[in-house]
Amino acid sequence: MSDALKDRVLHHLMYSICKDADHATIYDWRLAMSYAMRDQVVESWHGATRETAHARAKRVYYLSMEFLIGRLLEDAMVNLGLRDEAMRACEDLGLSFEEVLHNEPDAALGNGGLGRLAACFMESLATLGVPAMGYGIRYEHGLFRQRFEGGRQVEEPEDWLNQRHVWEFERPEYSHEIGFGGEVTEAGSRAAWKPAESVVAQAFDTPVIGWQGTWGNTLRLWGAMPTQLFDLERFNAGDYSAAAAPEALARTISRVLYPDDTTEQGKALRLKQEYFFTAASLRDILRRFEVEHSDLRQLPGKAAIQLNDTHPAIAGPELVRILHDERGIVFEEAAEIARRTLNYTNHTLLPEALETWSEGLMGWLLPRHLQIIGRIDEAHARAYPARTVHILHHGNVNMGPLSFVMANRVNGVSALHTELMKSTVFADLHTLHPERIVNQTNGVTPRRWIQSCNPRLANLITQAIGEGWVGNAEVLSALEEHVTDTGFRDAITGVKRANKTELAGWMASAFDAHVDPAAMFDIQIKRIHEYKRQHLNILETIALWQDIKDNPNGDYVPRVKIFGGKAAPGYWFAKDIIYLINSVAATINNDPATRDLLKVVYAPNYNVSLAERLIPAADLSEQISTAGKEASGTGNMKFALNGALTIGTLDGANVEIREKVGGENFFLFGMTAEEVRARREVEGHASEAIDADQRLARAIDSLRNGTFAGGDHDRFRHIADNVSGPDYFLVASDFTEYARASREAERAFADQNAWARMAALNIARSGWFSSDRTIRGYLNDIWDAGPLDSPASVAAE
């Protein structure tokens, strides 16, 4: 097989890249290998597309602002079962397999858990053989590429599309004109919207292949193009900038993920982005539906549309507009068809994260939609006169309530999060619609997050229990019978040490960070936000450093603190947390008295590929958000599946992870969500906590006295003041318990045999957190759909 693959690679090198082997660069070889793999993917993809169209089956449509798909070459190799053949082909061709893989840039299509969840779901839908499409935006420059300058975050545009993107297929035949602004005229019982401006949404398709390559679905991303590509008259008149302006303005919509919305222009661009991809997706869904069916009243039985957070919430009004204004269905029936078709996943309990738009902006940009939202709100008020929540309120359009009211089902993403939704952000609506909220705890694909990113562990598992776990992760439970085997525990330790050694070598070469693989690798990687409490982590690190300075002969466990994550460009407090971490690292790492016992590393530009390096090497997983704030998390699941132990609060899916792996294999600390709410009511709670813990007080003082700022007392004073004063996220109140749990983890790590047992049990008991299990839940409880060859009610295999 490797000879056949090698021949295909050489074929594409010559005929797709137009290079010969003597002159090919690693970039050329990577493209040729990608084309060879893509040939295999396309066959399954086309076959699945034909089968779905022939069966006229119900399809799942997943609308998301983010799809954090990472690199695709190795993903395809693994799911096609061709990774070993590709390695041999590279060897025969005199190539470094790792160099070929790492030449591929990450697709800059997401930021964090929201986008990675969407990518895992797409892979699981294909693995289960469910007809599905993902819809999003083809961002030219993504969120941003992160680098550090003097310890501060600097944002630069991603350039992943500056080179050929092998995995996408341009589909100009599936383009839709999307309008903005303009005016609305009444025409009897219906209305006509005449937009003032428009852009073209052009489709770019990426195949998503499932495990064993038997089924492929489509990720369709929209790129914004001008309706008039070029103004030749202005060009010939010498006004070259104006001639190119239509293209530049249109492409602005699909250039950057989450543009800074601290300005009115930024807010308008964000709303434009959300409507652009949602409207294009709905038009595409209806186009496909009307090819196969004649009665739009059948739509809920043939299409399940999932809104991943509130970003596509405008889908409700837009679908009503199309059904009512363009297709002539009476308004009330159009609204009911839309509601039975749409479902909404909530990802946050932070009220400020449930999007709101001013009525002024909505009316200017989408005037007809504002009218429709008003009618939806009025109809809901008439049906439930005792309600206290409103979609339109105080001059704002509240997208959370709109998403809820226009959804057939609303789901949370962990058991705790779902219950808190019922009692907090959607308490009133839950009372009115008690059947609507359901839980679907998140999951991750074991193909990407063990088989691909941790081949040493994958091979060890397969040797122990066979390959069945890759397609059904709950089979990992069979590992429990091996946990008492000393040889198996030693092998677990050996895998982890090899991964840590590899990571240490990469960090030394990539950004001159030198660490000892024998130390505990303690990792916190996620978006930088106050509720995720990276500042709690670094404050405890400071306190530990001060302990070592005071007592250098103490019994310490060597520890490497590794951070990764980006802060939103306009979120200055989060950016200052990054600055603080890097400043602490500069001091601690250069302290000869402590650097053999404690190091701090901030790996820049966190993305999927960096996660794939860090997670397999982690000993300890930091999941330390304020209880009641993290909806679920998926990084916590990836770490557990790879044998890292968790130090964490009872927040999000931590609760279920602890239940599955056992409390004795989880380092718990901190207040519960109920205790958090009560603690906030205590006047002076932060000062009280600081007064009770001298280590905390001293660590905070170091921020005020310039210890990590070259004597500048003001550089980090605001962080110290925040923790000492309002401390909404209760860093001070949880510090003492966090320090206690941290010492407990160190003591456990000192006994490597016992630690290996705990790590093995984490792996064996985390199979439930597969995205395959999550998708089965959506199919049964939300979408009323299933694999093409199975009934709608799908049981776990």
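Thr 185 is found in strand β6, which covers residues 183-187. I should say at once that this is a predicted model. With a relative accessibility of 42%, Thr 185 counts as partly exposed. Leaving out residues up to four places away in sequence, Thr 185 touches Ala 191 and Ala 192. Its C-alpha atom is also 9.3 Å from that of Arg 368, although 183 residues separate the two along the chain.

Let me set beside this another threonine, Thr 646, which lies in strand β21, residues 645-648. Is Thr 646 buried or exposed? Its relative accessible area is 1%, and because anything under 20% counts as buried, Thr 646 is classed as buried. Beyond its neighbours within four places in sequence, Thr 646 is in contact with Leu 620, Ser 621, Gln 623, Phe 666 and Phe 667.

I turn now to the cavities. A search of the whole structure finds seven of 30 Å³ or more, and the largest has a volume of about 220 Å³. Eighteen residues line this largest cavity, and those nearest its centre are Leu 72, Asp 75, Pro 207, Val 208 and Ile 209. Helices α3 (73-80) and α6 (113-127) and strand β8 (197-209) each supply at least two residues of the lining.

Asp 75 leads us to the salt bridges, of which the whole structure has 61. Asp 75 pairs with Arg 448, with the closest N and O atoms 3.6 Å apart. This pair links distant parts of the chain, since Asp 75 sits in helix α3 and Arg 448 in helix α18 (residues 446-452), 373 residues apart. Both partners are buried: Asp 75 has a relative accessibility of 14%, and Arg 448 has a relative accessible area of 4%.

A further salt bridge joins Arg 765 to Glu 664, with 3.9 Å between the closest N and O atoms. Arg 765 lies in the loop between α31 (752-764) and α32 (771-783), and Glu 664 in the loop between α25 (654-661) and β22 (666-668), so the pair ties together parts that are 101 residues apart in sequence. Arg 765 is partly exposed at 22% relative accessibility, whereas Glu 664 is exposed at 54%. Elsewhere, salt bridges with shared partners join several residues into one network, among them Asp 522, Arg 559 and Glu 746.

Finally, the surface. Which residues make the nonpolar patch of about 520 Å²? They are Leu 229, Phe 230, Leu 232, Phe 235 and Tyr 240. Of these, Phe 235 is placed in helix α7, residues 232-236, and counts as partly exposed at 35% relative accessibility.

How values were computed
Residues are numbered from 1 along each chain as its sequence is written. This is a predicted model: local features need pLDDT of at least 70, side-chain atom pairs count only at pLDDT 80 or more; totals for chains, interfaces and linings use all residues. Side-chain values use heavy atoms; hydrogens and water are left out. Patches are made of residues with over 30% relative accessible area and no salt bridge: like charges are joined within 9 Å, nonpolar side chains (Val, Leu, Ile, Met, Phe, Trp, Tyr) within 5 Å. Accessible areas come from the Shrake-Rupley method with a 1.4 Å probe; for residues, only the protein chains shown count as cover. A salt bridge is a side-chain nitrogen of Lys or Arg within 4 Å of a carboxyl oxygen of Asp or Glu. Helices (H or I, at least four residues) and strands (E, at least two) are DSSP runs, numbered from the N terminus. Buried means under 20% relative accessible area, exposed over 50%, partly exposed in between (1.4 Å probe, protein chains only). Contact means heavy atoms within 4.5 Å. On a 1 Å grid over the protein atoms alone, a cavity is a set of points where a 1.4 Å probe fits but cannot get out, and a pocket is an open set with protein on both sides within 12 Å along at least five of seven lines; lining residues have an atom within 4 Å of a point. Grid points are joined across faces, edges and corners, and a volume is the space filled by probe spheres set on the points.
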